[in-house]
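Here are a few notes to read alongside the coordinates, set out as numbered points so that you can check each one in your viewer. I hope they help you find your way around.

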Amino acid sequence: MRQAMIFAAGLGTRLKPLTDTMPKALVPVGGRPLLWHVIMKLKDSGFERIVVNVHHFAQQIIDYLAANQNFGLDIRISDESEKLLETGGGIKKALPLFDPHSPILIHNVDILSNVDLSQLDVDVPTLVVSERKTKRYLQFDESMQLIGWKNIETGEVKGREGRSLAFSGIHVFHPSLFPLLNDWPERFPVMDFYLKVCAHHLVRGIEVKNLQLLDVGKLDTLEQAKSFIMHNP
């Protein structure tokens, strides 16, 4: 089974005032909510089961999916209404909703890209990365094994330095990692998890050449997003 999780629980503070009345996932781009664009990309790529985590205006997302009959997919809700669990905690809470033997493609709701999700190798834990400018870079060795993280503004390094590549917000959480979550708290960032387990467990980077990616996290990116979806249907 091809299954995925959409991170849709964030507060969307950078998209205020729009997110004063709606969740970031339902902010429209080109007449359709961000959530719609990600769901359609996953559906077109052959994904059958999708878990959506919710927190901010959670009921609006639940109602939207119900009104659209879950777009003909097996869509399940991981409810974080009581407390935001961050990305790692979100995955840990949602695990019972997934097939325990199949990888989970993780996708941020505010990421638009030209990544061909149907072609991603899901045999091992995989982070989709590219060469682009950002403030924080993942570090990889010659075999594209994750070895660390670096903030180029502050100089902070976690793990070891190597080749610097930017994370896309798209990754494959492999079943081999599921048991390792047991030792982690209720709330934590998934990147902290990856940076710890990569010392003794393969976490691979996949570099996408000519990656077109837009983080629709701020008001000034909404206009860019309209153009993006026109050129990256």
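1. Let's begin with a strand pair. Strands β1 and β6 run parallel to each other and are joined by five bridges. Within that pairing, I6 sits opposite H107 of β6. Please keep in mind that this is a predicted model.

2. How much of β6 is covered? Four of the five residues in β6 are buried, which leaves the strand mostly covered. On top of its pairing with β1, β6 (residues 104–108) forms four bridges with β12 in the antiparallel sense. H107 is a handy residue to follow here: in β12 the residue opposite H107 is I170, while in the pairing of β1 with β6 the residue opposite H107 is I6.

3. Strand β12 deserves a look of its own. It spans residues 163–173, and eight of its eleven residues are buried, so the rest of the structure largely encloses it. Besides β6, strand β8 (residues 126–130) is antiparallel to β12, with four bridges between them; S130 has A166 of β12 as its bridge partner. Strand β9 (residues 136–140) is also antiparallel to β12, through three bridges, and there L138 faces L165.

4. Now for the nonpolar packing. As a general background, nonpolar side chains in soluble globular proteins tend to be buried together. The largest nonpolar core here has 44 residues, and the members that touch the most others are I6, L35, I39 and V52. Two or more residues each come from β1, α1 (34–44), β4, α2, β7 (111–113), β12 and α5 (220–231). Helix α1 makes the largest contribution, with seven residues.

5. A second core lies apart from that one; it holds 31 residues, including I91, F98, I106 and L181.

6. Which residues does L35 touch once its neighbours within four places in sequence are set aside? L35 is then in contact with I6, A25, L26, V52, I61, Y64, L65 and V109. I6 and V52 also appear in the list of residues that touch the most other members of the largest core.

7. Helix α2 is a nice case of a two-sided helix. A58, I61, Y64 and L65 are its buried residues. Looking down the helix axis, these buried residues fall within an arc of 130°, so they line one face of α2. A66 and A67, on the other side of α2, are exposed. The partners of the buried residues of α2 are β3 (32–33), α1, β4 and β5 (74–79). Right after the helix, Q69 has a positive phi of about 50°.

8. Is K41 a buried or a partly exposed residue? K41 belongs to helix α1, and its relative accessible area of 22% makes it partly exposed; the cut-off for buried is under 20%. Beyond its neighbours within four places in sequence, K41 contacts S113, N114, V115 and L117. From K41 to I6 the C-alpha atoms are 11 Å apart, with the two positions 35 residues apart in sequence terms.

9. Some backbone geometry is worth checking before you set up any calculation. Most residues other than glycine have a negative phi, and most peptide bonds are trans. Against that background, the peptide bond joining K16 and P17 is cis, with omega about 5°. P17 is in the loop between β1 (3–7) and β2 (28–29).

10. Two further loop residues have positive phi. F57 is not a glycine, yet its phi is about 50°; F57 lies in the loop between β4 (49–54) and α2 (58–67). M144, also a residue other than glycine, has a positive phi near 65°, and M144 is in the loop between β9 and β10 (146–151). How do F57 and M144 compare in accessibility? F57 counts as partly exposed at 31% relative accessibility, whereas M144 counts as buried at 14%.

Key
Residues numbered from 1 in each chain as written. Predicted model: local features only at pLDDT ≥ 70, side-chain atom pairs only at ≥ 80, totals over all residues. Heavy atoms only, no water. Buried < 20%, exposed > 50% of the residue type's maximum accessible area, 1.4 Å probe, protein only. Pairing = 2+ DSSP bridges. Core = buried A, V, L, I, M, F, W, Y, C linked by side-chain atoms within 4.5 Å. Contact = heavy atoms within 4.5 Å. Arc of directions from axis to C-beta.
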